[in-house]
Amino acid sequence: MKRRIVLALSLLVVLALALTACGNKATPTPKPQPTQVPAQPTKAAPPTQAPKPTNTPAPTQAPQVKPAKEIVFYNWSEYIDPKVYELFEKETGIKVVEDNFSSNEELMAKLQGGATGYALIVPSDYTVKALIDQNMLAPLDKDKIPNLKNLAPKFQNLYYDPGNKYCVPYQWGTTGIGYRADKVDKPDSWAVFFNPDPNSPAYGRMTMLDDAREAFAAALIYLGYDANTTDEKQLEEAKQALIRAKAALSGYDSDTYEDLLASGENLMAHGWNGDFLQAQEENENIAYTIPKEGGVIWVDNVCIPATVTPEQKLAAEMFLDFILRPDIGAMISQFNYYATPNKAAEAKLPKDFLEDPTVYPPQEVIAKLQFIKPVGKAESLYERMWDEVKAAP
Ligand code: SPD
């Protein structure tokens, strides 16, 4: 019995020890593990698979526009070296045909009358503004005209076309008086027109521009008024001055006035600086001056009418880029004798051209010049009064 008890007690002890051992195994104290260095470099996630092609049709590509083979350039007369057309055609195969107008009003009337077919036109500053306001110009695709960068900064943000959205400034110049220095005294005032001297050899042998805004600007500047006045009384005074001038005029002319000075038929003319300088090639006695009261300053621009076809537009933009090249820009200015807005072209022009005060007036002369600007509703007033000037005896 004692042995059984001892045996039973021993069994109980063994069992208790075994149970204690089992309990320890079930709740091991976690040991800190050393940081494992990955045996293999981490693999990048597999690339995203390109979606499998579906049967949806690809988006339609815009058909590639080819430039027109021929375009019409509606320009002032004798305002580009014809060699420019030849060089452009040689390089691109595009032929440029020229048609001419004599005033901004004529250009405007032509376009407003529904004329189509012109790929390029050359309006002056104030006319650009009117054309933009009437949605008559096509915005330029500047990617097609990288040479726009050649423009001098001050010609890249003009009031009438900020950022050159529609037009490329082409030439700039002044309006004053050309005369035959061998036959008449230098006219220092617009009085030679508006208070004409019947004893002057120029009496009856002078012309004024056939251009309402230019003619009124000359008379208003003579009278000491703003060239863009909308004051009816001032305009009436200017109209009377223009009528007084008629006694001394042989006519109104915007196309051949410089040739008539060269030939000696006329002795004085209201006109644009470069035209007189061109005519000096025929007759070196032609001179140009800006009267003491001042004159007009202007910028002409090449723009694309809104009526062009995509083919004409592309050819026109290629032409714009071509004339903005430094060598071509310099060639144009040297032919026209007008200042260029193209900074890169200026670098190609001879020093005596850049220093000619008739082409590049000094600051004190520029200070006396006024831009012709849009006059809004008063435009019809100018037109009516210009008709009255023309109709007066
Ligand atoms: N022979 C072309 C002269 C062009 C002059 N355009 C100037 C217009 C200023 N109102």
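## Elements and overall make-up

Helices here are DSSP runs of H or I with at least four residues, strands are E runs of at least two, and both are numbered from the N terminus. With that in hand, Gly114 can be placed in the loop between helix 3 (104-112) and strand 3 (118-121). Please keep in mind throughout that this is a predicted model.

The chain holds 15 helices and ten strands. Of its 393 residues, 39% are buried. How far along the sequence do its contacts reach? If we take contacts between residues at least 6 apart in sequence, 76% of them join residues at least 24 apart.

## Around the ligand

Which residues surround the ligand? They are Trp76, Ser77, Glu78, Tyr79, Ser124, Glu214, Trp272, Asp275, Trp298 and Asp300. By class, this shell has four nonpolar, two polar and four charged residues. Two domains contribute to the shell: domain 1 (70-172 + 298-360) and domain 2 (174-297 + 374-391) each supply at least three residues.

One member of the shell, Glu78, deserves a second look for its backbone. Its phi is near 50°, a positive value in a residue other than glycine. Glu78 sits in the loop between strand 1 and helix 2 (82-92). There it has 18 other C-beta atoms within 10 Å, so it counts as partly exposed.

## Helix 6 and its two partners

For anyone who likes packing geometry, a general reminder may help: two packed helices are described by the angle between their axes and the distance between the axes. Helix 6 (residues 212-222) packs against helix 15 (residues 379-391) at an angle of about 85°, and their axes are 10 Å apart. The two helices are therefore roughly perpendicular to each other. Helix 6 brings Ala212, Arg213 and Phe216 to this contact, while helix 15 brings Tyr382, Glu383 and Trp386. Sorted by class, the contact of helix 6 with helix 15 contains four nonpolar residues, no polar ones and two charged ones.

Helix 6 also meets helix 7 (residues 232-245), where the axes come within 9 Å and cross at roughly 105°. Since angles from 65 to 115 degrees count as roughly perpendicular, helix 6 is roughly perpendicular to helix 7. On the helix 6 side the contact is made by Ala215, Phe216, Ala219, Leu220 and Tyr222, and on the helix 7 side by Gln234, Ala238, Ala241 and Leu242. Which classes make up the contact of helix 6 with helix 7? Eight of its residues are nonpolar, one is polar and none is charged. Phe216 is among the helix 6 residues in the contact with helix 15, and Phe216 is also among those in the contact with helix 7.

## Two buried strand residues

Pro169 is part of strand 4. Is Pro169 buried or exposed? It has 24 C-beta neighbours inside 10 Å, and 20 or more are needed, so Pro169 counts as buried. Beyond its neighbours within four places in sequence, Pro169 is in contact with Leu151, Phe155, Leu158, Val299, Asn301 and Pro341. Pro341 lies 172 residues from Pro169 along the chain, yet their C-alpha atoms are separated by 6.4 Å.

Tyr288 belongs to strand 8 (residues 286-289). With 25 C-beta neighbours inside 10 Å, Tyr288 is likewise counted as buried. Not counting residues up to four places away in sequence, Tyr288 touches Gly176, Gly178, Asn273, Phe276, Leu277 and Thr358. The C-alpha atoms of Tyr288 and Ile177 are separated by 5.7 Å, although these positions lie 111 residues apart in sequence numbering.

## Loop residues

Val65 is located in the loop between helix 1 (2-26) and strand 1 (70-76). It has 13 other C-beta atoms within 10 Å and is therefore partly exposed. Setting aside its neighbours within four places in sequence, Val65 is in contact with Pro310, Glu311 and Leu314. From C-alpha to C-alpha, Val65 and Leu314 are 7.7 Å apart in space and 249 residues apart in sequence.

Back at Gly114, there are 7 other C-beta atoms within 10 Å, so this residue is exposed. Gly114 and Thr307 are 193 residues apart in sequence, with 9.1 Å from C-alpha to C-alpha. Asn135 lies in the loop between helix 4 (125-133) and strand 4 (167-180). Asn135 is not a glycine, but it has a positive phi of about 55°. Having 8 other C-beta atoms within 10 Å, Asn135 is exposed.

Definitions and conventions: Residues numbered from 1 in each chain as written. Predicted model: local features only at pLDDT ≥ 70, side-chain atom pairs only at ≥ 80, totals over all residues. Near = placed C-beta within 6 Å. Nonpolar A, V, L, I, M, F, W, Y, C, P; charged D, E, K, R; others polar. Domains from an automatic or database assignment. Axes fitted to C-alpha atoms, helices over the stretch in contact; angles between N-to-C directions. Parallel < 35°, antiparallel > 145°, perpendicular 65-115°, else oblique. Contact = placed C-beta atoms within 7 Å. Buried ≥ 20, exposed ≤ 12 C-beta atoms within 10 Å, placed from the backbone.
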